[in-house]
Amino acid sequence: MIKEFITIPTAFPLGNKKPWQIVAHLDETLREMIQKLGNDYNICDGVAIHKTAVIGHNVTIKAPAIISANCFVGSNSYLRGGVFLAPGAKVGISCEVKTSVLLEGCAIAHFNFVGDSIIGHDVNIEAGAILCNHYNEREDDTVYVHVDGQRISTGLHKFGSLVGDACRIGANAVLSPGTLLMPKTIVRRLELIEQDPL
């Protein structure tokens, strides 16, 4: 399924798992990956930062996390819950990224929230966009995705989006939990993507 959205191979071992399974096990996957990294990374307390990465002022990175070569993380950003930034990924100022994989060449601007998501290669997310990961307004807050006309339960209460390669997400757009975007999808500014309405 994931191969329809993201070009394989990649710097992160996506394998044959479903995207929500990758997110659910991201913590342990990252801890295993950190054990295999070379001396081109500075590793401290479960956080691995490549020596070519640029980290701005007042950035908080909670373990486990891998920040790969030539990444940029802007000032006042917060990375938590297991985060992987592939080579060349960029996180702008004052963003929050939680339990997510950002692949090569991905760029999120500033004042964004990306929760429990997988972001493909060369994706650009403009300022203020939100990738939601939880339905607080539903009595049953299980996240469902829609694939080939079928509504499929992820079995999770938190799952954000699978954003395919080369997508463009406009400023202040909102992607609801369980959003799947095919490669090169354009989400317009202020647009709401709601693929599992009730």
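Tryptophan 20 is buried in this predicted model, its relative accessible area being 5%. Its ring partner is phenylalanine 159, and the two form an edge-to-face aromatic pair with 6.1 Å between the centres and 80° between the planes. Phenylalanine 159 is likewise buried, at a relative accessible area of 0%. Tryptophan 20 belongs to helix H1, whereas phenylalanine 159 sits in the loop that runs between strand S16 (150–153) and strand S17 (161–163), so the contact ties together parts of the chain 139 residues apart in sequence.

A search of the whole structure returns two aromatic pairs. Besides the one just described, phenylalanine 12 and phenylalanine 84 come together as a tilted pair, 5.2 Å from centre to centre and with 55° between the planes. The angle is not over 60°, so the pair does not count as edge-to-face. Here too, distant parts of the chain are linked: phenylalanine 12 lies in the segment before helix H1 (19–24) and phenylalanine 84 in strand S7 (residues 78–85), 72 residues apart. Phenylalanine 12 has a relative accessible area of 2% and phenylalanine 84 one of 3%; both values are under 20%, so each of these residues counts as buried.

Aromatic rings also meet charged side chains in this model. The ring of tyrosine 135 has the charged end of arginine 138 over it, at 3.6 Å from the ring centre. A second such contact involves tyrosine 144, where the charged end of arginine 151 sits over the ring at 3.7 Å from its centre.

Notes: Residues are numbered from 1 along each chain as its sequence is written. This is a predicted model: local features need pLDDT of at least 70, side-chain atom pairs count only at pLDDT 80 or more; totals for chains, interfaces and linings use all residues. Side-chain values use heavy atoms; hydrogens and water are left out. Rings of Phe, Tyr and Trp (its six-membered ring) pair if their centres lie within 6.5 Å; planes under 30 degrees apart count as stacked, over 60 as edge-to-face and the rest as tilted. Helices (H or I, at least four residues) and strands (E, at least two) are DSSP runs, numbered from the N terminus. Buried means under 20% relative accessible area, exposed over 50%, partly exposed in between (1.4 Å probe, protein chains only). A charge sits over a ring if NZ of Lys or CZ of Arg is within 6 Å of the ring centre and within 35 degrees of the ring normal.
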